[in-house]
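This report goes through selected contacts, burial values and salt bridges in one protein chain. The sequence and structure come first, followed by the notes.

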Amino acid sequence: MASSSDSDEVYKCSICLELFQKPTRIPCNHVFCEECLNPYITVASPSCPLCRITFNPKKRCRAKDVEKQMSSKKDCCVGCKKKMALSKLRQHTQSCSQVDSSQPKSEFKPAGPTSQKPPSNIPNRSTFQCPICGARNLDCDGLRRHCNTEHKMFAAPVVCPVCASMPWGDPNYKSSNFLHHLNLRHRFEYDTFVDYHQEEDEILKQVMAASMEDV
């Protein structure tokens, strides 16, 4: 965590949950770190990670108003307690010797209400890496759209990264038709619809029901 104050949530990227680094605004007016946004603009029809509205990546721009606000607003480092501008705080805490490196890093949060309370050591089940080209930070919807756009002719068997991250998943099982599998089984976000503490049979029923509703 880069800042010690909850009041600075407005200056945190919704993707990495850290203070903005090179804040970039897209047409729907949401702001993200430039680096965090990059994976979302590599697909044919990129959509906002928050509101899902499709946008033209050429119309994104540097959020200079946010940069100005972060330069004038100050907070303390969680390690050395030194006070500095928010625009410098994230980079400072990454190298501050008094910041406890054993503290858990920020993780992605569910897009909707869920009854689950996962432990801190579970695998990342919010974003995934494309098993075909290696593109990172794709949620279920982003992975599905990416593969249908960039790899629609791909036919070799690969391991589904979504299934492999699940408690019931087999990280060694290769799907013979990955695109068909994605389109059939992963048309929704697991963190929103699934309670990982339920029995597998009940979970699979929810998976299929949600998948059909999200067509």
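## Surroundings of Cys-147

Leaving out residues up to four places away in sequence, Cys-147 touches Cys-130, Lys-152, Phe-178, Leu-179 and Leu-182. The model is predicted. Cys-147 is part of helix 4. It counts as buried because its relative accessibility is 0%, and the cut-off for burial is under 20%. Cys-147 and Ile-132 are 15 residues apart in sequence, while their C-alpha atoms are 8.3 Å apart in space.

## Helix 4 against helix 6

Helix 4 covers residues 140-150 and helix 6 covers residues 178-185. Their axes come within 10 Å and cross at roughly 145 degrees. The crossing of helix 4 past helix 6 is left-handed. On the helix 4 side, the contact is made by Leu-143, Arg-144, Cys-147 and Asn-148. Helix 6 contributes Phe-178, Leu-179, Leu-182 and Asn-183. By class, the residues of this contact are five nonpolar, two polar and one charged.

Phe-178, Leu-179 and Leu-182 are thus named twice: they belong to the helix 6 side of the contact, and they are among the residues that Cys-147 touches.

## Salt bridges within helix 4

The structure holds five salt bridges. One of them pairs Asp-141 with Arg-144, with the closest N and O atoms 2.9 Å apart. Asp-141 and Arg-144 are three residues apart in helix 4, so about one helical turn separates them. Arg-144, which also takes part in the contact with helix 6, is buried because its relative accessible area is 10%, against a cut-off of under 20%.

Asp-141 also forms a salt bridge with Arg-145, at 3.1 Å from N to O. These two residues lie four residues apart in helix 4, about one turn of the helix. Arg-145 has a relative accessibility of 22% and therefore counts as partly exposed. Through shared partners, the salt bridges join Asp-141, Arg-144 and Arg-145 into one network.

## A salt bridge between distant parts of the chain

Which residue forms a salt bridge with Arg-52? The partner is Asp-139, and the closest N and O atoms are 2.6 Å apart. The pair links distant parts of the chain, with the two positions 87 residues apart in sequence numbering. Arg-52 sits in the loop between helix 1 (34-37) and strand 3 (61-62), whereas Asp-139 sits in the loop between helix 3 (86-95) and helix 4.

The two partners fall into separate accessibility classes: Arg-52 is partly exposed, with a relative accessible area of 34%, and Asp-139 is buried, with a value of 6%.

## Cys-16 and Pro-171

Cys-16 is placed in the segment before strand 1 (23-25). Its relative accessibility is 19%, so Cys-16 counts as buried; the class requires a value under 20%. Cys-16 and Asn-137 are 121 residues apart in sequence, and the distance between their C-alpha atoms is 10.0 Å.

Pro-171 lies in the loop between helix 5 (161-164) and strand 7 (174-175). Is Pro-171 buried or partly exposed? Its relative accessible area is 49%, so Pro-171 is partly exposed; exposed would require over 50%. Pro-171 touches Val-159 and Ala-164, when residues up to four places away in sequence are not counted. From Pro-171 to Pro-161 the C-alpha distance is 7.8 Å, with the two 10 residues apart in sequence.

How values were computed
Residues numbered from 1 in each chain as written. Predicted model: local features only at pLDDT ≥ 70, side-chain atom pairs only at ≥ 80, totals over all residues. Heavy atoms only, no water. Axes fitted to C-alpha atoms, helices over the stretch in contact; angles between N-to-C directions. Left-handed = near helix turned anticlockwise from the far one by under 90°. Contact = heavy atoms within 4.5 Å. Nonpolar A, V, L, I, M, F, W, Y, C, P; charged D, E, K, R; others polar. Buried < 20%, exposed > 50% of the residue type's maximum accessible area, 1.4 Å probe, protein only. Salt bridge = Lys/Arg side-chain N within 4 Å of Asp/Glu carboxyl O.
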